[in-house]
Number of protein chains: 2
Amino acid sequence: MQPVFFTPGPAALYPTVQQHYQEAFRLSIGSISHRSAQFRKIYQHADEQLRQLFNLPKQNNAILFTGSATEIWERIIMNTVEHECFHLVNGSFSKKFFDFAQELHKYAHAAHKPFGEGFDASDVSVPEYAELICATANETSSGVQMRPQEIHKLKRANKSKFMAVDMVSSAPYTNLDFTVVDTAFFSVQKAFGMPAGLGVWIANESMLEKAERMKKHEGVIGTYHSLPSLWENYKKFETPETPNVMGIYVLGKVAEDFNRIGVEQIRKETDKKAKALYDFAKKSDRFEAFVENELHRSATVVVLNCHEAAGAVINKVKESSGMVVGSGYGKMKETQIRIANFPAVSLEQVETLIHTLNTI
Amino acid sequence: MQPVFFTPGPAALYPTVQQHYQEAFRLSIGSISHRSAQFRKIYQHADEQLRQLFNLPKQNNAILFTGSATEIWERIIMNTVEHECFHLVNGSFSKKFFDFAQELHKYAHAAHKPFGEGFDASDVSVPEYAELICATANETSSGVQMRPQEIHKLKRANKSKFMAVDMVSSAPYTNLDFTVVDTAFFSVQKAFGMPAGLGVWIANESMLEKAERMKKHEGVIGTYHSLPSLWENYKKFETPETPNVMGIYVLGKVAEDFNRIGVEQIRKETDKKAKALYDFAKKSDRFEAFVENELHRSATVVVLNCHEAAGAVINKVKESSGMVVGSGYGKMKETQIRIANFPAVSLEQVETLIHTLNTI
């Protein structure tokens, strides 16, 4: 029997994914031209399904594909920041986004919070000349969320600045208002339960205009994956390079599966499973929720402190139930476990995991 | 029945590819961590098989993974060119490589040849201050090759400059000497017969040193996919971001399949199939080889002028045999067809195609 993955990414495959790949092989989707009408229909289908899932405004935005969400950190900074940006840093991934800005020689400001703590809008004072604010809806390393209403509040208080939201490990759970935020992004190997190798970038037209202006003023905004290049191709549902065609096909199918269930239903189920996990931790005398402030606790990546060696817990769970939970990130490897709560795992599987954690 | 693709990329899947994907699903390779020993073994296996296939020197080089070969154009220029580079341009793809250098604000020189013509070392005078020479082993748009001995000669005459070889649609046919050239790259949806979404970049240590020097001197060399970042991760067979793990697994398996046949045997079969196609064109009064100079004719992408409308030829071939040949590139769409001659198609299939072209 194949193990059940509760790892926060790569994660459990969504139950329909393998069958969508089989269908893709049957339809020769690995061989079709990325300049064909057949490919354009695949892109358009993914676009339509993702628009429904994320409740995107009909106009003035685009859904673009890259190799990874990591790539999108780089592309956002290159395409929207002439001089200064501002990052909310409270874990390893929000820190990397900040590091990228420095490596690209931008004047990068940051507000820092300790690992395990989260941001509210009222905590944050945005530097006057920052052109871009970078928030992380879900810090995969620490299991901390920034609530959508706080992200929206921050943007509304800084209307002239771009608001970018890393929703890598929380899309489509994070209910963003895309009439407010300018850009958000994720990768498919988290909550969409797909094999890795595809990043999804939602961006609006104001960003495109900024990128075009920077280019005109002799700025270096990249080449094939600059925002103007991606967008120009997007208008005809194409990509600048030969993309991960199968991945785009399967993403459209998984988004369609999600829409059939309904994103509100997926959010409810996610909340229910998260509640079960946090309730278990509250009652347990061997585990406890790492994130103290309940409003900052992630629903999609639950991080628990272990009173025994975390590595031993992971091994015992694997041996007794075939379930794989994630290790703590970086320095937390010895003391924490991370449990991904994505649509691919059912409430029954979460209950089995809880039972296992209770009995090992 | 599934069509047989003679398109130059995406192309026919290699016969073992679907089964390697199935095995990958069975082994949960879409869910494993890219920081696990299991992933490092997958990367190492691909590395070993590709090293054998390309006869790489044991030391001082690395095999790195990106989202596409298009990405590698950008990364090479950002990581090795401080000021000036030089491009051999004789078709749409070599032109794009040149365009990228300009978009990245490098002082880019080029030698131009008309579409359908090729370069020999003696044609070329390299600008004194060029730091990088960019050659295209196989111009996919026009079916023109630059022979390895000419590439080697050019590098030997310009030892202080880096030599980069685009072998996108000819690897592993092009027999490069990696003690001579500095870097070469390809993508998996061509001769390796895989679904797109993975670029393969072979680079040597002199390039790494240059990139590190540029970074130290305040140059912008990119972030996660800068050469130093990729290389640092490569040392432990990891990648900076979550990569296309399944693609890397399947690539290692296909390279192993190729090694079982032997690269010399693959080259011989490629030559035999290419000869059959060019011999057919020579005898035909309805088709003729586009590339006049036989020494510049590509073995892997055969471009033919059609005396009737090329679109009609493509449709007739599809209808009568279920085979899909590629259209001419860009302006040549109406007058040319392109026939990919990759390992995925057998001599029998090539003969069937020739028979079909003769009888439609």
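Buried area is the accessible area (1.4 Å probe) that two parts lose on being put together, summed over both. Keep that in mind as you walk through this predicted model, which has two kinds of boundary to visit: one between domains and one between chains.

**Stop 1: the two domains of chain A**

Start by colouring chain A by domain. Select 4-11 + 263-359 for domain 1 and 17-260 for domain 2, following the domain assignment. Taken over C-alpha atoms, the centres of these two domains of chain A lie 26 Å apart.

**Stop 2: where the domains meet**

Now show the boundary between them. Domain 1 of chain A places 27 residues in contact with 27 residues of domain 2 of chain A. Together the two domains bury about 2,300 Å², with 58% of that area on carbon and sulfur atoms. On the domain 1 side, pick out A:Arg267, A:His296 and A:Tyr329: these lose the most area to domain 2 of chain A, and together account for 28% of what that side buries.

What about charges and polar atoms? There are 0 salt bridges between domain 1 and domain 2 of chain A, while 15 residue pairs are in polar contact across this interface (both at pLDDT 80 or more).

Next, switch to a cartoon view of chain A. Helix 9 (263-283), strand 12 (301-306) and strand 14 (336-340) each supply at least two residues to the side of domain 1 that touches domain 2. Helix 9 of chain A gives the most, with 7 residues. Coloured by class, that side of domain 1 of chain A shows 16 nonpolar, 6 polar and 5 charged residues.

**Stop 3: chain B against chain A**

Bring chain B into view. Here 48 residues of chain B are in contact with 48 residues of chain A, and the area buried between the chains is about 3,900 Å², of which carbon and sulfur atoms give 58%. Select B:Phe25, B:Ser31 and B:Thr223 next; in chain B they lose the most area to chain A, together 16% of what that side buries.

How many salt bridges link chain B and chain A? The count is 4. For one to zoom in on, try B:Arg75 with A:Glu74, where the closest N and O atoms are 3.0 Å apart. Polar contacts between the two chains number 14 residue pairs (both at pLDDT 80 or more).

**Stop 4: the helices of chain B at the interface**

Finish by highlighting helix 1 (17-26), helix 3 (69-80), helix 4 (92-103) and helix 8 (245-261) of chain B, the elements that give two or more residues to the side touching chain A. Helix 1 of chain B brings the largest share, 5 residues. By class, the side of chain B that touches chain A divides into 21 nonpolar, 19 polar and 8 charged residues.

Conventions: Residues numbered from 1 in each chain as written. Chains lettered and ligands numbered in written order. Predicted model: local features only at pLDDT ≥ 70, side-chain atom pairs only at ≥ 80, totals over all residues. Heavy atoms only, no water. Domains from an automatic or database assignment. Contact = heavy atoms within 4.5 Å. Salt bridge = Lys/Arg side-chain N within 4 Å of Asp/Glu carboxyl O. Polar contact = N/O pair within 3.5 Å; in protein donor to acceptor, adjacent residues only side chain to side chain. Helix = DSSP H or I, 4+ residues; strand = E, 2+ residues; numbered from the N terminus. Nonpolar A, V, L, I, M, F, W, Y, C, P; charged D, E, K, R; others polar.
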